[in-house]
Amino acid sequence: MPIVAWREQMSLDYPPLDDEHKAFLDVINNASMDLSRHELDNMPQMFEACYDYVRNHFSAEEDVMERVNFPDIMAHIQAHQQFIKNIAEFRQAYENATTRGKKLDLAQKTIAFLSVWFIGHVISRDKMLKPYLVRLRNLPPRMDY
Ligand SMILES: [Fe+2]
Ligand SMILES: [Fe+2]
């Protein structure tokens with residue numbers, strides 16, 4: 001499976017979110033390299049990394065969207081929730097697979113889905129956030145009570 005290279009086109013010019021996107025890209029690419037060697041041992045950790053990503057990154061991104069009054073927030077949150085469902089379904093199918101051949105096939109489908117989803121989501125949806133991020137500079141420091 002081809003490696004998904006980071007492109008400048010994916011950048012939000014906002015390192016906290018960009019770094020999380022890059023880290024998730026590493027997860028996808030490492031899994032892709034494992035699969036090119038038909039190596040499945042790291043798949044459980046790969047699914048865990050997906051869950052970590054959705055827990056940490058989606059909540060951070062949604063929080064930023066709220067802070068800058070991003071208008072398309074509801075549709076974006078729905079896209080995140082749909083991805084969480086997709087991951088749960090892929091993991092379930094992978095865990096239910098009874099042979100190594102089926103697991104390999106499902107692992108390949110999962111990684112193909114992640115690559116396509118990641119590029120599409122970052123370029124078409126996350127990127128829409130970019131013009132609003134300048135507002136963060138003008139906001140007072142955040143207070144948590
Ligand atoms: Fe997003
Ligand atoms: Fe994102």
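1. Start with the metals. The iron ion (ligand 1) sits 3.5 Å from the iron ion (ligand 2), and Glu61 coordinates both of them. Bear in mind while reading that this is a predicted model.

2. Who holds the iron ion (ligand 1)? Its protein donors are Glu61 through OE, three histidines through NE2 (His76, His80 and His121), and Asp126 through OD, at 2.0 to 2.2 Å. If you want to find them along the chain, look for the spacing E-x14-H-x3-H-x40-H-x4-D.

3. Two of those donors deserve a second look. His76 belongs to helix α3, while Asp126 is in the loop between α4 and α5 (135-138), so the pair links distant parts of the chain, 50 residues apart. Are they buried or exposed? Both His76 and Asp126 turn out to be buried.

4. Now the hydrophobic interior. As a rule, nonpolar side chains in soluble globular proteins tend to be buried together. Here the largest nonpolar core counts 29 residues, and Phe24, Met46, Phe83, Leu114 and Phe118 have the most contacts inside it. Two or more residues of this core come from each of α1 (15-36), α2 (43-67), α3 (73-96) and α4 (100-125). Another core, of 11 residues, lies apart from it; Leu12, Phe70, Ile73 and Leu136 are among its members.

5. For a close-up of the larger core, try Met46. Ignoring neighbours within four places in sequence, Met46 is in contact with Val27, Ala31, Thr110, Ile111 and Leu114.

6. There is plenty for anyone who likes aromatics: the count comes to 11 aromatic pairs. One of them, Phe24 with Tyr53, is stacked, with 3.8 Å centre to centre and 10° between the planes. Why does this pair tie together separate parts of the chain? Because Phe24 lies in helix α1 and Tyr53 in helix α2, 29 residues apart in sequence. Phe24 is buried at a relative accessible area of 2%, and Tyr53 is buried too, at 6%.

7. Phe24 has a second ring partner, Phe83. The ring centres are 6.5 Å apart and the planes stand at 90°, so this pair counts as edge-to-face. Since Phe24 is in helix α1 and Phe83 in helix α3, the pair ties together parts 59 residues apart in sequence. Phe83 is buried, with a relative accessible area of 0%.

8. Step back and the ring pairs join up. They link Phe24, Tyr53, Phe58, Phe83, Phe90, Phe113, Trp117 and Phe118 into a cluster. A ring also features in a charge contact: the charged end of Lys103 sits over the ring of Tyr94, 4.5 Å from the ring centre.

9. One last residue to click on is Ser11, in the segment before α1. Is Ser11 buried or exposed? Its relative accessibility is 6%, and anything under 20% is called buried, so Ser11 counts as buried. The Ser11 side chain makes a polar contact of 3.4 Å with the side chain of Asp18. Setting aside neighbours within four places in sequence, Ser11 is in contact with Trp6, Asp18, Lys127 and Lys130.

Terms used. Residues are numbered from 1 along each chain as its sequence is written. Chains are lettered from A and ligands numbered from 1 in the order in which they are written. This is a predicted model: local features need pLDDT of at least 70, side-chain atom pairs count only at pLDDT 80 or more; totals for chains, interfaces and linings use all residues. Side-chain values use heavy atoms; hydrogens and water are left out. A nonpolar core is a set of buried Ala, Val, Leu, Ile, Met, Phe, Trp, Tyr and Cys residues joined through side-chain atoms within 4.5 Å. Buried means under 20% relative accessible area, exposed over 50%, partly exposed in between (1.4 Å probe, protein chains only). Helices (H or I, at least four residues) and strands (E, at least two) are DSSP runs, numbered from the N terminus. Contact means heavy atoms within 4.5 Å. Donors are N, O and S atoms within 2.8 Å of the metal (3.2 Å for Na, K and Ca); water is not among the atoms, so sites may look incomplete. Rings of Phe, Tyr and Trp (its six-membered ring) pair if their centres lie within 6.5 Å; planes under 30 degrees apart count as stacked, over 60 as edge-to-face and the rest as tilted. A charge sits over a ring if NZ of Lys or CZ of Arg is within 6 Å of the ring centre and within 35 degrees of the ring normal. A polar contact is a pair of N or O atoms within 3.5 Å; within protein, one must be able to donate a hydrogen and the other to accept it, and residues adjacent in sequence count only if both atoms are side-chain atoms.
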